[in-house]
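Dear colleague,

I am handing over the structure we spoke of, and you will find it just below together with its sequence. My notes on what was found in it follow, for you to read alongside the model.

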Amino acid sequence: MQLEQVVLLADDLANCDSLTSYPNLMAWVQPGGNAYLMTNALGVAGKAKIVEFVKSGGLYVGTCAGWYYSSTAYYWEYNSGYPDAGLWHYPALLGLFPKTVEGCTHTTLACRLSVVTRSHARLLSLPFFFS
């Protein structure tokens with residue numbers, strides 16, 4: 001089976017009626033970055049389209065900040081003293097993984113991955129670390 005990658009930006013998502021506009025789309029892959037900036041760029045309308053896609057049988061794969069984006073809220077650098085540390089709860093988080101998750105709590109970062117389908121959500125903590 002050969003897979004074709006299609007890159008959709010926030011504007012592409014905003015300008016389509018739904019992800020069914022892409023009839024061969026099997027998975028939405030959300031990479032790392034900044035979950036706060038993702039929620040702002042994709043917005044409530046983008047969230048609704050991604051959630052509709054997953055509830056219709058599509059697959060969501062999120063790594064790093066894409067993992068946080070799939071949750072209902074997340075802790076980031078909790079008790080670290082960084083200015084942006086604490087509990088973050090944005091209305092535009094997907095909520096596909098229906099839990100508050102915890103991110104990096106110290107200087108060693110563990111990579112995490114979320115895999116969400118219509119019938120279940122799974123969290124995988126991958127066995128490698130970045131210092």
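Strand β1, which covers residues 27–30, is joined by four bridges to strand β2, residues 59–63, and the two run parallel. One of the residues to look for here is W28, whose bridge partner in β2 is Y60. Between these strands the chain passes through helix α2, residues 35–55, and the β-α-β crossover that results is right-handed. Please keep in mind throughout that this is a predicted model.

The model also holds an open sheet of three strands, in the order β4-β3-β5 and with mixed pairing. Its edge strands are β4 (86–88) and β5 (100–102), each of which pairs on one side only. On average, neighbouring strands of this sheet are turned by 20° against each other, if direction is ignored. As a general point, strands of a sheet pair through backbone hydrogen bonds, and they do so in either a parallel or an antiparallel way. In this sheet, strand β3 (residues 73–76) is joined to β5 by three bridges, and these two strands run parallel; if you would like a place to begin, A73 stands opposite T100 in β5.

A further point concerns the aromatic rings, where the count comes to two aromatic pairs. The rings of Y68 and Y74 have centres 5.1 Å apart and planes at 45°, and because an angle from 30 to 60 degrees counts as neither stacked nor edge-to-face, this pair is described as tilted. Y68 and Y74 are both buried, and ring pairs link these two residues with W67 into a cluster.

Finally, I would draw your attention to Y69, which lies in helix α3, residues 65–69. Is Y69 buried or exposed? Its relative accessibility is 0%, and since buried means under 20%, Y69 counts as buried. Leaving aside residues up to four places away in sequence, Y69 touches a set of residues that includes Q30, A35, M38, T39 and L42, as well as K47, I50 and Y60, and also A92, L93, L94 and G95. For one of these contacts the separation can be given in two ways: Y69 and A35 are 34 residues apart in sequence, yet 5.6 Å apart in space, C-alpha to C-alpha.

With kind regards

Definitions and conventions:
Residues are numbered from 1 along each chain as its sequence is written. This is a predicted model: local features need pLDDT of at least 70, side-chain atom pairs count only at pLDDT 80 or more; totals for chains, interfaces and linings use all residues. Side-chain values use heavy atoms; hydrogens and water are left out. Buried means under 20% relative accessible area, exposed over 50%, partly exposed in between (1.4 Å probe, protein chains only). Contact means heavy atoms within 4.5 Å. Two strands pair if DSSP finds at least two bridges between them. Axes are lines fitted to C-alpha atoms, for helices over the stretch in contact, and angles run from 0 to 180 degrees between N-to-C directions. Rings of Phe, Tyr and Trp (its six-membered ring) pair if their centres lie within 6.5 Å; planes under 30 degrees apart count as stacked, over 60 as edge-to-face and the rest as tilted. A crossover is right-handed if, with the strands pointing away from the viewer, the path from the first strand over the helix to the second runs clockwise.
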